[in-house]
Amino acid sequence: MSKVYLTGAGPGELELLTIKALRVIKEADVIIYDRLANADILKEVKSGCEFLYVGKEDGHHTLPQDEINEAIYQASLKYESIVRLKGGDPFVFGRGGEEALYLKERGVAYEIIPGISSAISVPAYAGIPVTQRGIATAFKVVTGHLSADKNSTIHWEEFKSDDTIVFLMGLKNLRGICKNLLAIGKAQDYPVAVISKGTTPEQKVVVGTLQDIVQKAKGIPTPALIVVGEVVNLRKDLAWFGSEDE
């Protein structure tokens, strides 16, 4: 009987892949993988393993999501062990829930293998704790993809607290994010960090404020996430990985 493993590949650093994820990858008959999964992971497969790339880039999708769902299902009819490898965690803006529902409706066995989300690991590699006693007792993880969209469902008024805010996939909308946060009363000098290619040797970190981060982060490569909050100031003492600030 075939089984699909909806597997989180982690944030980029190969050693942040979980032991369980590595096991199913080594046993897989086919790997259906995303753009954000570390390519070195694919070197761990057994001889004869097949590959199907279904990555999504800004403005270009190899396959639309509904076709990805169908491709996973079709693979389940052909192979016994199918790994759907997704950057980060399958359920953190990874559409893993949609893929699981599609398989469930068709009677396909599946298993969820969580991955270390970039929402916590990338700030950690930049020396930024998402929570810190006396500074931030909670953090929000928000899709940055639609942050500046006029039809966005993000409730900006809920961001008035001092909670840390982590925006994933939001670099293109950085200007809009800053504008919306300033509009709800955040100070112009409120700390912001943009972290590019976090946890990898190419990691770059830009630190600024809501007033100047757009200019400072201009040209920084994707994938990148945005951290907003007073915890960003801890980087100057806690930075431990990668290069100095850009």
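These legends describe close-up views of a predicted model.

**View 1. Five strands form an open sheet with mixed pairing.**
The strand order is 8-9-12-10-11. Strand 8 (139-143) and strand 11 (204-209) are the edge strands, and each pairs on one side only. From one strand to the next, the twist averages 20°. Strand 10 and strand 11 run antiparallel and are joined by 6 bridges. Within this pairing, A193 has V207 of strand 11 as its bridge partner.

**View 2. L225 sits in strand 12 and is buried.**
The relative accessible area of L225 is 3%. Buried means under 20%, so L225 falls within that class. Beyond residues up to four places away in sequence, L225 touches S118, A119, V122 and P123. The contacts of L225 also include V166, F167 and L168, as well as A193, V194 and I195. L225 and V194 are 31 residues apart in sequence, yet their C-alpha atoms are 5.8 Å apart in space.

**View 3. Helix 4 (residues 118-125) lies across strand 8, strand 9, strand 10 and strand 12.**
Helix 4 runs at about 80° to strand 12. The buried residues of the helix are A119, S121, V122, P123 and Y125. Their cover includes strand 8, strand 9, strand 10 and strand 12. An α-helix has 3.6 residues a turn, so residues three or four places apart point the same way.

**View 4. S117 caps the N-terminal end of helix 4.**
A side-chain oxygen of S117 lies 3.1 Å from the backbone nitrogen of A119. A119 is itself buried. After helix 4 comes G127, with a positive phi near 75°.

**View 5. Y125 and F241 form an edge-to-face aromatic pair.**
The structure holds 8 aromatic pairs. In the pair of Y125 and F241, the ring centres are 4.8 Å apart, with 70° between the planes. Y125 belongs to helix 4, and F241 lies in the segment after helix 7 (235-238). The two residues are 116 residues apart, and the pair links distant parts of the chain. Y125 has a relative accessible area of 15%, and is therefore buried.

**View 6. Aromatic residues appear in two further settings: a cluster and a charge over a ring.**
Y33, F51 and Y53 form one aromatic cluster. The charged end of R106 sits over the ring of Y102. The distance from that charged end to the ring centre is 3.5 Å.

**View 7. Helix 5 (residues 174-183) has buried residues covered by strands and a helix.**
L174, G176, I177, C178 and L181 are buried in helix 5. Strand 9 (164-168), strand 10 (191-196) and strand 12 (224-228) are among the elements that cover them. Helix 6 (213-216) is also part of that cover. G185, just after helix 5, takes a positive phi of about 110°.

**View 8. Strand 1 (residues 3-8) is mostly covered and pairs with strand 6 and strand 7.**
In strand 1, 5 of its 6 residues are buried. The pairing with strand 6 (residues 81-86) is parallel, over 6 bridges. Strand 7 (residues 109-113) also pairs with strand 1 in the parallel sense, over 5 bridges. V4 stands opposite I82 in strand 6. In strand 7, Y110 is the bridge partner of V4. Strands of a sheet pair through backbone hydrogen bonds, either parallel or antiparallel.

Methods: Residues are numbered from 1 along each chain as its sequence is written. Side-chain values use heavy atoms; hydrogens and water are left out. Buried means under 20% relative accessible area, exposed over 50%, partly exposed in between (1.4 Å probe, protein chains only). Helices (H or I, at least four residues) and strands (E, at least two) are DSSP runs, numbered from the N terminus. Contact means heavy atoms within 4.5 Å. Two strands pair if DSSP finds at least two bridges between them. Axes are lines fitted to C-alpha atoms, for helices over the stretch in contact, and angles run from 0 to 180 degrees between N-to-C directions. Rings of Phe, Tyr and Trp (its six-membered ring) pair if their centres lie within 6.5 Å; planes under 30 degrees apart count as stacked, over 60 as edge-to-face and the rest as tilted. A charge sits over a ring if NZ of Lys or CZ of Arg is within 6 Å of the ring centre and within 35 degrees of the ring normal. A polar contact is a pair of N or O atoms within 3.5 Å; within protein, one must be able to donate a hydrogen and the other to accept it, and residues adjacent in sequence count only if both atoms are side-chain atoms.
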